[in-house]
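Trainee: Could we go through this model together? I would like to understand the reasoning behind each label we use.

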Amino acid sequence: MPGVEGYIYPNEVELQWSILIVLYPYLTGLVAGAFILASLERVFNVKALKPTYRLALLTALAFLIVAPLPLQMHLGHPERSYEMYLTPHTESAMAMFGFVYLWYLMVVLVLEIWFDYRKELVLTWRASTGWTKRLYGALSLWSGDISPAALQLDDKLGRIITVIGIPSAFLLHGYVGFIFGSIKANPWWSTPLMPVVFLFSAIVSGVAAVMLVYMALATIRKIPIDMKCVDTVAKYLLYAFLVDFSLELLDLIHRLYEADESFRALDFMVKTRLFTSQIIVQILLGTFVPILLLALVQFKRFSDPVRRLIYSVSGVLTLIGIFAMRWNVVIGGQLFSKSFLGYTTYKLEFATREGALSAIIFMIAPLVILAVLIRIFPPWPAQEDASGR
Amino acid sequence: MDQTRRAFLEKAGIYIFLTGAASVAWEYVEARTPQLAPNYKDTDHWWGMIIDVEKCIGCGSCVRACKAENNVPTDEDGRFRTWVERYRVDPLNADHPDVASPNGGYDGFTALDQAGDGVKVFFVPKLCNHCADAPCVQVCPVGATFESPDGVVLVDKDRCLGCRYCVQACPYGSRYIDSRTHTADKCTLCYHRITKGLTTACCEVCPTGTRQLVDLKNPNDPVHEFMRTHKIHVLKPQMATGAKVYYNGLDGAVR
């Protein structure tokens, strides 16, 4: 059979989870990471991160809106997916996705953004006319009280929500890791480290994404990039990366040393079918290079343009590397037979329901949504916007 | 009652064709509620299967019977409710058995040229293990996959989302997606037959009696004697799934 090497069970010929399922942990990871970056400013008072706070929240929201769409597209019966809410099977890790997702979307992100923007929404509502007035009236829920007492309450509630939000973001993505980590039939997935590895790689990808979006937006708007802010973001990116890489290394060493029944099959797979995506893209280009570049900045003084270049390169490499990591988990976990006697191949098609084109659309969609969100909820201070700096 | 001649003949035909207890159950089977048939009480049974590896000759009759009985696609790869594997094991290199299951064994296996080369060759029929602690049941987000009170793991095609999580969770490769319904599919242990007192299609046609449907709750089932007097093994016992397909004479090289 073409693409098959050795023996695989007859039913394993069809690969079950496609690139769309690679996107699912990738997108939710970006959400969780962006939110945690926002929380650093809000809860832990890292003032240097102020310019990225709102941007991080909006980025998280944009990606969260798109995150369930590839899943939906992948289902054999998307019209039945609401059954997960009505009659969930409580023992199923996947069944809880809907609830974690809704909790995170509605209670955490939307509420936090609303409280943070309420004053501006009300002011725009008052100052505008026509459709704009209607839109902002609706967005502020026709509640125009922006007295100091009300704003103080907003701030207090916003802070409480952020505090709840941090464990929620951990839950959202740790849970995605659990979906894979709890499958005992698959030794490539089945490890209690999976949720933790997913979480830290999520933080890495989300922080890198916000850093890139911030620099890109500043360039587009022709305003100077706040280097103190970007330096701080890059520092947190390095820290998160070091933790993430240590965890992945621990997983690797554990597998190598324990060398259980699945080891030979997995080892062979990594050295052959996953070599490019795992060793070259994920580990060398997507992890080593950005860690070295980011660490270099900590030890050596570079001019602003050089630092910006370093941050851009490491940011892009990080996003590619984390995507490769999701790919290696999801696709890699299906390339070997559960008999450990053979391997199959994943054929990525282009213009099919689960092809590369759909994946590209789902990757671009959050950026389009983010552009719209930035229009409605400008993340920068009003005077800066008005002066058009 | 408005009884047309055609309806009368159909009914009479069924009664003549399926005699006794089976005919009483028929209308419940047709209504897709065989467990409600008055002469079949699901809590009285606990179904499983015995497979005597040493009896299997690799003829593939079971695979063909299963596909015909259960309308399993024959024109697509990767759709098998049951299949047969041929193992060639070098006793000195048992970790690397040479395994093959061309078209799931549907066409039967032909004789091997290399006979007598010091390698042992045997067949292993496989199917859903109808696990008591089935990982596929655990992961289904909507409970479309469930275990019936008589111990059969089934899929409700009207509820299944087609998320494929159950296919990933099965350690034995027993599940696939039916491309006609876009839902998960697998061996039902011929539930439509066993609830009428018949055996499964694969057991029915097996010329050597390799496969035996067993009712573990029936004290008179010969399975109890068989299990007591033979060395019985299940596939991948380390998975702790409570598999109920018991193999006699299973080689350690089998995965």
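Mentor: Gladly! In chain B, residues 24 or more positions apart account for 63% of the contacts with a separation of 6 or more. Two residues are in contact if their C-beta atoms, placed from the backbone, lie within 7 Å. This is a predicted model, where local features need pLDDT of at least 70 and side-chain atom pairs count only at pLDDT 80 or more, while totals for chains, interfaces and linings use all residues. Residues are numbered from 1 along each chain as its sequence is written, and chains are lettered from A and ligands numbered from 1 in the order in which they are written.

Trainee: What share of such contacts in chain A comes from residues 24 or more positions apart?

Mentor: For chain A the share is 79%.

Trainee: Why is chain A called as compact as a globular protein of its length?

Mentor: Its radius of gyration is 22 Å, close to the 21 Å that the globule rule gives for 389 residues, so the description fits. The radius is taken over C-alpha atoms, and the rule is 2.2 Å times the number of residues to the power 0.38.

Trainee: What makes E1(B) a mostly covered strand?

Mentor: Six of its six residues are buried. A residue is buried if 20 or more other C-beta atoms, placed from the backbone, lie within 10 Å of its own; it is exposed if 12 or fewer do, and partly exposed in between. Strands (E, at least two residues) and helices (H or I, at least four) are DSSP runs, numbered from the N terminus.

Trainee: Which residues of E1(B) cover its two faces?

Mentor: Trp47(B), Met49(B) and Ile51(B) are buried on one side, and Gly48(B), Ile50(B) and Asp52(B) on the other. In a regular strand, side chains alternate between the two faces of the sheet.

Trainee: How do you know that E1(B) and E9(B) pair?

Mentor: Two strands pair if DSSP finds at least two bridges between them. E1(B) and E9(B) have five, in the antiparallel sense, so they meet that definition. Among the bridge partners, Trp47(B) has Asp215(B), and Ile51(B) has Arg211(B). E1(B) also runs parallel to E11(B), joined by four bridges, with Met49(B) opposite Val245(B).

Trainee: What makes E9(B) and E10(B) edge strands?

Mentor: Each pairs on one side only. They belong to an open sheet of four strands with mixed pairing, in the order E9-E1-E11-E10.
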